[in-house]
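Visitor: I have a few questions about how the labels on this model are justified. Can we take them one by one?

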Amino acid sequence: MAANLQQSGTLLDVLKKKMRQTKEEMEKYKDECEEFHKKLQAEVMRREEAESEVAALNRRIQLLEEDLERSEERLASATAKLSEASAAADESERIRKALENRTNMEDDRVAILEAQLSQAKLIAEEADKKYEEILENRSLADEERMDALENQLKEARFMAEEADKKYDEVQKPDIT
């Protein structure tokens, strides 16, 4: 019995030792489990943070795309307005050049008419002088000559009046 008791004591010691080892293993695995649980929670939190960051970035992308669309619309509108303004400026430049050419042509015409008017005035003055000379030295033989000079005078006056009329017409602003 003593052997039995000694064997039971040894068996009990072995069982206690085995229980201690199992308890230590259980504590070790429990610590590992808690550590893995903490790591899992940290990983879950990181994943949730990443998902919320992705959601925020997706929202920002959506807002930027909407802003880009609005900017593209404004650019298209501004481009259209610029094109219209450019066409209007081209048309204004074309009209300006046409008016400038017309003014130059009218200036040339005015110069010609002024020269004609000056010439007509000279002819009229000469005719007046000749007429006055003839009146002083009037004779029957010169009567025909005087008639011719009177006709020249009338013609010169008519040309002077016509030149004056043309000059006045050119000086009046054209309303078109």
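Guide: Gladly; note that the model is predicted. Start in helix H2, where Glu 162 and Lys 165 are three residues apart, so about one helical turn separates them.

Visitor: What makes Glu 162 and Lys 165 a salt bridge?

Guide: Their side chains meet at 3.9 Å, N to O. The cut-off is within 4 Å, so the pair qualifies.

Visitor: Why is Glu 162 called partly exposed?

Guide: Glu 162 has 27% relative accessibility. Buried means under 20% and exposed means over 50%, so 27% falls in between. Lys 165, at 49%, is also partly exposed.

Visitor: Which residues do shared salt bridges join into one network?

Guide: Glu 93, Arg 96 and Glu 100. Within it, Arg 96 and Glu 100 meet at 2.7 Å, N to O. Both lie in helix H1, four residues apart, about one turn.

Visitor: How do you know that Glu 35 and Lys 39 form a salt bridge?

Guide: The N to O value is 3.6 Å. The limit is 4 Å, so they pass. Glu 35 and Lys 39 are both in helix H1, four residues apart. By this rule the count comes to ten salt bridges.

Visitor: How do you know that the span of H2 agrees with its 29 residues?

Guide: H2 covers residues 143–171. At 1.5 Å a residue, the helix should span 42 Å. Its end C-alpha atoms are 41 Å apart, so the two agree.

Visitor: Which residues in H2 are buried?

Guide: Among them are Met 146, Leu 149, Leu 153 and Val 170.

Notes: Residues are numbered from 1 along each chain as its sequence is written. This is a predicted model: local features need pLDDT of at least 70, side-chain atom pairs count only at pLDDT 80 or more; totals for chains, interfaces and linings use all residues. Side-chain values use heavy atoms; hydrogens and water are left out. Helices (H or I, at least four residues) and strands (E, at least two) are DSSP runs, numbered from the N terminus. The expected span of a helix is 1.5 Å times one less than its number of residues. Buried means under 20% relative accessible area, exposed over 50%, partly exposed in between (1.4 Å probe, protein chains only).
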